[in-house]
2 protein chains.
Amino acid sequence: MVYFDNAATSYPKPEVVYDSIMTAMREYGANPGRSGHKMALKAGRGIFETRELICKLFNINNPMNVIFTFNATEALNIGIKGVLREGDHVITTSMEHNSVLRPIKYLERFGVESTIVKADSKGRINPKDIEKSIKNNTKLIVCTHISNLTGTIMPIEEIGSISKENGIIFMVDASQSAGVYDIDVEKMNIDLLAFPGHKGLLGPQGTGALCIKDGLELQSYMQGGTGSSSHSLDHPEILPDKFESGTTNGPGIIGLGAGIKYILDKGMHNIREHEESLAMHFIEEAKKIDGVTLYGPLDVKQQAAVVALNIKDADSSEVSYILDQEYDIAVRPGLHCAPLAHETINTLEQGAVRFSFGLFNTHEEVDYCIKALKDIAREV
Amino acid sequence: MVYFDNAATSYPKPEVVYDSIMTAMREYGANPGRSGHKMALKAGRGIFETRELICKLFNINNPMNVIFTFNATEALNIGIKGVLREGDHVITTSMEHNSVLRPIKYLERFGVESTIVKADSKGRINPKDIEKSIKNNTKLIVCTHISNLTGTIMPIEEIGSISKENGIIFMVDASQSAGVYDIDVEKMNIDLLAFPGHKGLLGPQGTGALCIKDGLELQSYMQGGTGSSSHSLDHPEILPDKFESGTTNGPGIIGLGAGIKYILDKGMHNIREHEESLAMHFIEEAKKIDGVTLYGPLDVKQQAAVVALNIKDADSSEVSYILDQEYDIAVRPGLHCAPLAHETINTLEQGAVRFSFGLFNTHEEVDYCIKALKDIAREV
């Protein structure tokens, strides 16, 4: 099977990830932060190491500001709802995933205003359009780092500067970039960084995180047991406890740590260069096929290893189905939980077939897929 | 190592649980519900099977009414906040975990009223006290099935009848009972059932669920991508999508399914009887030790395999530390995220040492632990 669906979840994971999850489950599968016995302490230390690795990767100075969540969606909900109150204005973009758009749309019921800045036809956001949208009550700017539909890389450093100059909180959805593209929360002025553990960071499903800038106060989200201040009926205000209640995914977070260590050892730039070369190879060859329409910038400086296309006017689900059934190639069709991004590239009806490349894909797989696309283009 | 901390998380898990998680990760680790390729469909089917197993275990008629969550705390937050609005009244008990008490306390800021019914000194709740607390605006009754501190089994069937007669929504926190004690949502009139996957159900950490009675409308909690109605900026209203956004813990849920299958194959009553006999053995022997104070009903009909005690006026953390360091016995000391329950049994200052027995514990381990307690009682 050829797996080109890494933007949904990376597969496979490095061996060390599977092994560390199994070791954590089998050898010290206690509840971290709840008891004081050796196994619980060992699990707690494993989780703390993952916090430290995340800090190293994104230049965060305090591991306690890393909050582990179920997935990126929860991290985005905690951040967006933690900042915005009635009367506030938020700026976001037409390239966002529903995990950003839907919480914002939901908050409109409670008196939050929003502006959605439109991208150009290649999915690119002009930072000046964001700057022009700033109002007196703008409290938050939320932008994806990389579009999950077109792979377009957003100018987050420039948007971060604009946010800082205007005293606005800046939140980045790094769902498609964390673990592959450089992110420095200091240099890029990122106040809230949300990401999943199971995509570019090579960890398991059931992991995600929100990194909160030192001193940024967010409203409470979920309340429960934290193993701290247990005498009090009020949920503690200190981080990470404020946003981590109930039993966390101990072995999952330890597996995420193994994924990050793997990336650091291999060199993130090496992973990125490999993925870029696969994407460019794919784009160059796909361009030559009659009837194929490619979306996005189609340039490695502006596009990650996520490529959306259509073949003539064939339904994207049909093309994906043929790829899966006849060629054993796994891709994702339809609407990619990003309706305004589809509007932007004019594929709201047809959807798009998305090819997303990962660390373990090869050029041979790309060649095999190109042959398949040629066959399909002749037939549909 | 002797592991008597099963109320925090069960350990070890059955081999089949580890194996099914690894198989799901290695062989079909795709993102369920997002793409249509074979691996994603297989992961989706695995998750659906777990929904069906949960239905079988708790007599739920529609698998779509089972919502997978990060843990029981999230399930409790979704249920409590989904029901209660300004002006509503909620009844709960002094035996609840902070995962119930803290969300309720938080909602008081938004005009929700609460009554906390007090248990007797053995942690027992009188259903009549709940009935007497009902007011015109009582919307919800939340009760734990089994106390995580004293193991006291609550009369949830009677409380369910009272709720039904009075048209009040009934929510049960089954964190300490799911997978060991009979729960029938129809017979017990349970409208909302919240539980973790990683305790009695023998699944991994990072899993939990909320079962919602057919037709009960809860307010939206988290919004994001669901892989459904992707064209819409409004989060879908259908279950389970309404409360499942973002990538779920696929391999974890599949592992949870393996845990439930294991329980069904082995017979839940066999597991319960084994745990009861361990707890009774422990209680009988511990009673004889000079200086030991045991809490709770101390009777298998009224108490699960969770036993709290103190030795003279020794700090519970000190006793646990000695058990861990000198005898390699893992228990939990301190306050057990249930401050009012400690008030009820008068251990708010000393805390309590909690011994919680599981499926894989043996009578030999209990005997070894009793010997250790005798030594410690002589020394402290």
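I began with the contact between the two chains (C-beta atoms, placed from the backbone, within 7 Å), which takes 73 residues from chain A and 71 residues from chain B. On the side of chain A that touches chain B, I found that α4(A) gives the largest share, seven residues. By class, I noted 28 nonpolar, 34 polar and 11 charged residues on that side of chain A, with Ala, Val, Leu, Ile, Met, Phe, Trp, Tyr, Cys and Pro taken as nonpolar, Asp, Glu, Lys and Arg as charged, and the others, Gly among them, as polar.

For the record, this is a predicted model, in which local features need pLDDT of at least 70 and side-chain atom pairs count only at pLDDT 80 or more, while totals for chains, interfaces and linings use all residues. Residues are numbered from 1 along each chain as its sequence is written, and chains are lettered from A and ligands numbered from 1 in the order in which they are written.

Next I looked up helix α11 of chain B, residues 363-379 (helices are DSSP runs of H or I, at least four residues, and strands runs of E, at least two, numbered from the N terminus). Its buried residues (20 or more other C-beta atoms within 10 Å; exposed means 12 or fewer, partly exposed in between) are Val366(B), Cys369(B), Leu373(B) and Ile376(B). They cover an arc of only 80 degrees around the axis (taken from the directions from the helix axis to the C-beta atoms), which puts them on the same side of α11(B). The face turned away carries the exposed Glu364(B), Lys371(B), Arg378(B) and Glu379(B).

Last, I checked Glu237(B), which lies in the loop between β8 and α7 of chain B and counts as exposed, with 10 C-beta neighbours inside 10 Å.
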